[in-house]
Amino acid sequence: MRFSEIPGNQEVKQKLIQSVKCGRVSHTQLFLGEDGSASFPLAWAYAQYISCQDKEEDSCGKCSSCLKFEKMVHPDVHWVFPVTTGKGTHPISDHYISEFRELFLKNPYSTESQWYTHLGTENKQGFISVTEATDLIKKTSLKAYEGGYKFVLIWHAEKMNTPTANKLLKQLEEPPEKTIFILLTPQQERLLTTIISRVQITKIGILSDLEIRNFLTDKCIGAEVLNQAVQLSEGNISEALRLSEGDKANKENTKRFQQWMRLSYQANILGITDWVDEISKLGRERQKVFLQYALHMTRESLVRNFASIDLQRLTGEEQDFTQKFSPFINENNAIKLIEVLEKAHYDIGRNANAKILFTDLSLKLVLLLRIKSLSLQST
Ligand SMILES: [Zn+2]
């Protein structure tokens, strides 16, 4: 991965390149950026640049080190990421490295949810275990195979539980010689404060609409899909790629959400029961994505009520629906609606029973959608 392949983030790239040129590379770093942002490719490009034997303003992409980096097979780079218990009781990243490589060589902006889908373990939440930490301590204590730097890239570092994080603390404080740790996370607050205090933080931003547009222009997609992807992705690269592929899952979410709102408004309990049965069969990651979508649509309906239609980030079909749906979202129920959806999204990520959760949530919706706006009540 070369810096030039990654869209946007010019300032971050310059800062990273300068740190290498001036010999001021911190040995424990944290890249803070949204899931699906340029965070992972930037960490990859940075490590490749440090190791490149013929670097200038970017890595050369041709030396023996770069060639290994390009294929993610450099022996001195340890890729660490959340795994599930599919392969034995003490899984570590090494057990899944070929799957990880396969996904990230295809799409370096892959999200956590796409990773679990790729593994076929959508129903399980990944973790970085203490066994992984023990393994890392062993690996980093060895000399580098190629004599240069060793790298440990921890993707979704917030998936380290407390024992894992504690075990790695000493390494992070005093990394073994010529070893660079790069932790990546979308949520700084989910890391231990003792870790935060030891790392140098680099914030990875989202892209501007123009940067997303330029990035997608190379992908040979139609003008309408391109415009839609630019508008809806809100600067997230992974989201832009997904939208530009006209993702089937998005259409499914639209249909499922509209059906849910109709049933809830009609207080159709039998219909709701069937709807809950259907969604409970989906994997946990897809349920999370659906709830995110529901939040997005609720917020957009609110925007439609209180601001300009121009501010909406919706497809044509979604706009038609919000036109009919938005009158039911008002100042008396909007905050509560968003609150219950956010809580459900949080709980589903913590292995709540899907059937109970969606039944309970639907019943709350039945009540909330009946709350009328003050202006309607007074007429
Ligand atoms: Zn090179």
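These questions and answers walk through a predicted model, from the whole chain down to single residues.

Reader: How many helices and strands does the chain have?
Author: Start with the overall picture. The predicted chain runs to 379 residues. Its secondary structure counts are 18 helices and five strands.

Reader: What is the radius of gyration of the chain, and what does the globule rule give for 379 residues?
Author: The C-alpha trace spans about 75 × 45 × 35 Å along its principal axes. The globule rule gives 21 Å for 379 residues, and the chain comes close to that, so it is as compact as a globular protein of that length. The radius of gyration of the chain itself is 23 Å.

Reader: What share of the residues in the chain is buried?
Author: A residue counts as buried when its relative accessible area is under 20%. Contacts tell a related story about the fold: among those with a separation of 6 or more, 74% join residues 24 or more positions apart. Of the 379 residues, the buried share is 52%.

Reader: Which residues coordinate the zinc ion?
Author: Look for the sulfur atoms. Each donor is an SG atom, and the distance is 2.3 Å. In sequence the donor residues follow the spacing C-x7-C-x2-C-x2-C. They are C52, C60, C63 and C66.

Reader: What is the geometry of the site of the zinc ion?
Author: Check the angles. Four donors count as tetrahedral if all angles lie between 85 and 135 degrees. Here the angles among the four donor atoms are 103 to 120°. The site is therefore tetrahedral.

Reader: Where in the chain do C52 and C66 lie, and are they buried or exposed?
Author: Both bind the zinc ion. C52 sits in the loop between helix 2 (39-51) and helix 3 (64-70), while C66 is in helix 3, 14 residues apart. The pair links distant parts of the chain. As for accessibility, C52 and C66 are both buried.

Reader: Which residues of strand 2 point one way, and which the other way?
Author: In a regular strand the side chains alternate between the two faces of the sheet. Strand 2 covers residues 77-80, and these four are buried. One way point V77 and W79; the other way point H78 and V80.

Reader: Which residue in strand 3 stands opposite W79?
Author: Strand 2 and strand 3 (residues 150-154) run parallel. Four bridges join them. Opposite W79 stands L153.

Reader: How many salt bridges does a search of the whole structure find?
Author: Side chains of opposite charge can pair when their charged atoms come close. Some of these pairs join up: D94, D135 and K139 are linked in a network of salt bridges. The whole structure holds 13 salt bridges.

Reader: How many residues apart in sequence are the parts that D277 and K355 tie together?
Author: The side chains of D277 and K355 meet in a salt bridge, at 3.1 Å from N to O. D277 lies in helix 13 (residues 269-280) and K355 in helix 17 (residues 354-368), so the pair ties together parts of the chain 78 residues apart.

Reader: Are D277 and K355 buried or partly exposed?
Author: Read the relative accessible areas. D277 has 27%. K355 has 43%. Both are partly exposed.

Reader: Which helix holds both E239 and R242?
Author: Their side chains meet in a salt bridge, 2.7 Å from N to O. The two are three residues apart, about one turn of the helix. Both lie in helix 11 (residues 237-244).

Reader: How far apart are the closest N and O atoms of K336 and E339?
Author: Both residues lie in helix 16 (residues 334-348), three residues apart. K336 is partly exposed at 42%. E339 is partly exposed, also with 42%. Their salt bridge has a closest N and O distance of 3.3 Å.

Reader: What is the phi of H156?
Author: Most residues other than glycine have a negative phi, and most peptide bonds are trans. H156 goes against that sign, with a positive value. The residue is found in the loop between strand 3 and helix 7 (162-173) and is buried at 3%. Its phi is near 60°.

Reader: Where is E234 found?
Author: E234 is not a glycine, yet it has a positive phi of about 50°. With a relative accessible area of 40%, E234 is partly exposed. Its place is the loop between helix 10 (223-233) and helix 11.

Terms used: Residues numbered from 1 in each chain as written. Predicted model: local features only at pLDDT ≥ 70, side-chain atom pairs only at ≥ 80, totals over all residues. Heavy atoms only, no water. Donors = N, O, S within 2.8 Å, 3.2 Å for Na, K, Ca; no water. Tetrahedral: all angles 85-135°; square planar, octahedral: opposite > 155°, others 65-115°. Buried < 20%, exposed > 50% of the residue type's maximum accessible area, 1.4 Å probe, protein only. Pairing = 2+ DSSP bridges. Salt bridge = Lys/Arg side-chain N within 4 Å of Asp/Glu carboxyl O. Rg over C-alpha atoms; globule rule 2.2 N^0.38 Å. Contact = heavy atoms within 4.5 Å.
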